[in-house]
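Me: I have just opened this structure and would like a short guided tour. Could we go through some of it together?

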Amino acid sequence: MENPREKRSSIFVDVLLLTAIFAILFSIIFFTLIDKRFTFAEPQNEIGITNISPSSETTESESTFPGVKIITDISNDPFIPFAIQYPLTLHELFNNQIEAYIEIEKNEYISQMNEKGKFNNEQVGELNISFETYSYIDAYYSFILTRTLSIPGEETIQTVNTYFLNNKTGDLLTIRDVLSNNDDSLQTFSAQLQALMQDHESFAMIDSDQINIMAAPSWKNYECFSISEDNLTLFMHPIEDALAAQPLTIKVSLSSINTLLKEEFQIQMEDEMQVIVDPNSGSGKRIALTFDDGPHPDVTPQILAILEKYNAKATFFMLGSRVQYYPDIARDVFKGGHEIGNHTWNHPVLTKMSKAQILKEYTTTEQAIVKAIGTNSTIFRPPYGASNSLVKSTIDSPQINWSIDTLDWKFQSAPKLLPAIKNTLHNNAIILMHDIHLSTADGLEDVLQYLRGEGFEFVTVSEILNDKE
Ligand code: ZN
């Protein structure tokens with residue numbers, strides 16, 4: 001039955017297979033050796049062979065934060081002193097990660113000190129790692145580890161490492177878990193951060209080109225952060241001379257980036273869905289489109305172009321902090337015949353503020369608007385529609401919220417814009433959108449086309465309010 005040719009060829013296959021196996025084995029051994037050689041060439045391992053490790057004492061103590069213990073590791077070795085503190089939680093994954101970090105830093109320091117010791121035993125260095133803990137809405141802990149490393153003959157280095165822990169689940173969260181993980185949010189956050197940093201005294205010594213690089217839209221730039229009270233704090237190392245410099249911190253109020261946050265971090269606002277103007281009042285079918293939180297260098301011009309195409313007038317509720325940076329765009333909006341509204345300087349929750357603070361938010365924004373367009377705004381909208389009697393009595397301008405919320409900031413999807421409006425469409429509707437999301441600009445043409453087809457005229461908010469008959 002057996003065909004000799006087949007047998008021959010099967011022997012040939014066997015030989016081929018064996019050769020292949022040997023070749024693979026050989027390369028595995030070869031590359032492992034190569035790898036080892038490179039590893040051995042690294043200074044800390046070469047020194048590691050003769051490293052003198054200082055004896056140190058580790059103690060565990062309670063902290064004031066539930067579920068968080070403090071580990072203290074102190075070496076009193078006169079030549080290799082160190083003092084290290086780090087948190088120990090109920091979550092093993094987190095503990096392993098932080099212990100790995102501590103281990104690396106400690107070994108690196110000991111290696112470097114051993115190397116120095118070869119030449120001079122008198123030189124004393126120092127490694128100090130300390131940490132701060134902040135809690136946020138019961139579930140989250142921010143741990144900020146500050147490391148100060150001083151090696152004799154070298155400049156002292158200070159670096160910051162942060163961990164954001166969900167203490168209920170044990171999950172470690174990155175900045176992408178806090179901000180909506182999409183490109184639109186990233187771009188908007190970056191623009192807001194750049195504007196904040198340009199204004200901040202800590203960054204006064206850094207030129208604006210470098211600030212723009214430090215805050216450029218890349219998640220990597222924001223990976224070192226903490227959240228406490230109502231602020232997101234970012235720790236940023238200047239690009240130039242990064243190791244020698246101390247990290248700079250910038251605080252961003254969560255309310256100013258509320259629309260960019262993942263839902264669990266958002267400030268929940270009252271549902272403002274209500275008919276503000278009687279649908280049956282006025283003459284004819286009218287709609288007031290409103291765009292908040294701009295101006296934006298890319299989105300606002302795109303929206304202006306679409307509005308012009310349909311000869312539609314709209315209302316733009318602008319933030320003073322953004323008008324300041326984009327006065328030309330504010331001017332273009334005004335020249336296009338649209339209404340300009342004041343939406344505060346920095347988008348805070350006004351109902352949590354004092355009268356003086358509320359007034360400052362309003363007047364600084366008015367100043368920026370006047371500077372940009374040569375005249376005052378004609379209408380005011382409080383951020384999140386959050387208002388109370390103090391806000392109403394402090395700001396002497398008509399206040400208006402909306403009757404249709406498109407939730408464009410939440411969906412960030414062009415095809416979802418029109419359905420959101422269609423669902424609750426009514427005459428004299430005041431529609432809430434945001435000219436900081438490209439998805440809103442992309443979905444706008446469908447909206448205008450549809451509403452035009454339904455016989456609506458597009459007017460400003462004041463036109464609807466002033467013509468109730
Ligand atoms: Zn807003």
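Reply: What follows is a short discussion of one helix and one sheet in this predicted model.

Me: Let us start with helix α7. Which of its residues are buried?
Reply: Helix α7 spans residues 299–309, and Val-299, Thr-300, Ile-303, Leu-304, Ile-306 and Leu-307 are buried there.

Me: Why do they line one face of the helix?
Reply: Viewed down the axis of α7, the buried residues fall within an arc of 165°, so they line one face. As general background, an α-helix has 3.6 residues a turn, so residues three or four places apart point the same way.

Me: And what do the buried residues of α7 pack against?
Reply: They pack against two strands, β10 (286–292) and β11 (314–318), and against the helices α9 (327–335) and α14 (438–453).

Me: Which residues are exposed on the other side of α7?
Reply: Glu-308 and Lys-309 are exposed on that side. Just after the helix, Asn-311 takes a positive phi of about 50°.

Me: Changing topic: what is the strand order in the open sheet of six strands?
Reply: The order is β1-β2-β3-β4-β5-β6, and the pairing is mixed. At the edges are β1 (56–62) and β6 (157–166), each of which pairs on one side only. On average, neighbouring strands of this sheet are turned by 20° against each other, direction ignored.

Me: How many bridges join β2 and β3, and is the sense parallel or antiparallel?
Reply: Strand β2 (residues 69–75) pairs with strand β3 (residues 82–88) over seven bridges, in the antiparallel sense.

Me: Which residue in β3 does Ser-75 stand opposite?
Reply: Ser-75 has Phe-82 of β3 opposite it.

Key. Residues are numbered from 1 along each chain as its sequence is written. This is a predicted model: local features need pLDDT of at least 70, side-chain atom pairs count only at pLDDT 80 or more; totals for chains, interfaces and linings use all residues. Side-chain values use heavy atoms; hydrogens and water are left out. Buried means under 20% relative accessible area, exposed over 50%, partly exposed in between (1.4 Å probe, protein chains only). Helices (H or I, at least four residues) and strands (E, at least two) are DSSP runs, numbered from the N terminus. The arc is that of the directions from the helix axis to the C-beta atoms. Contact means heavy atoms within 4.5 Å. Two strands pair if DSSP finds at least two bridges between them. Axes are lines fitted to C-alpha atoms, for helices over the stretch in contact, and angles run from 0 to 180 degrees between N-to-C directions.
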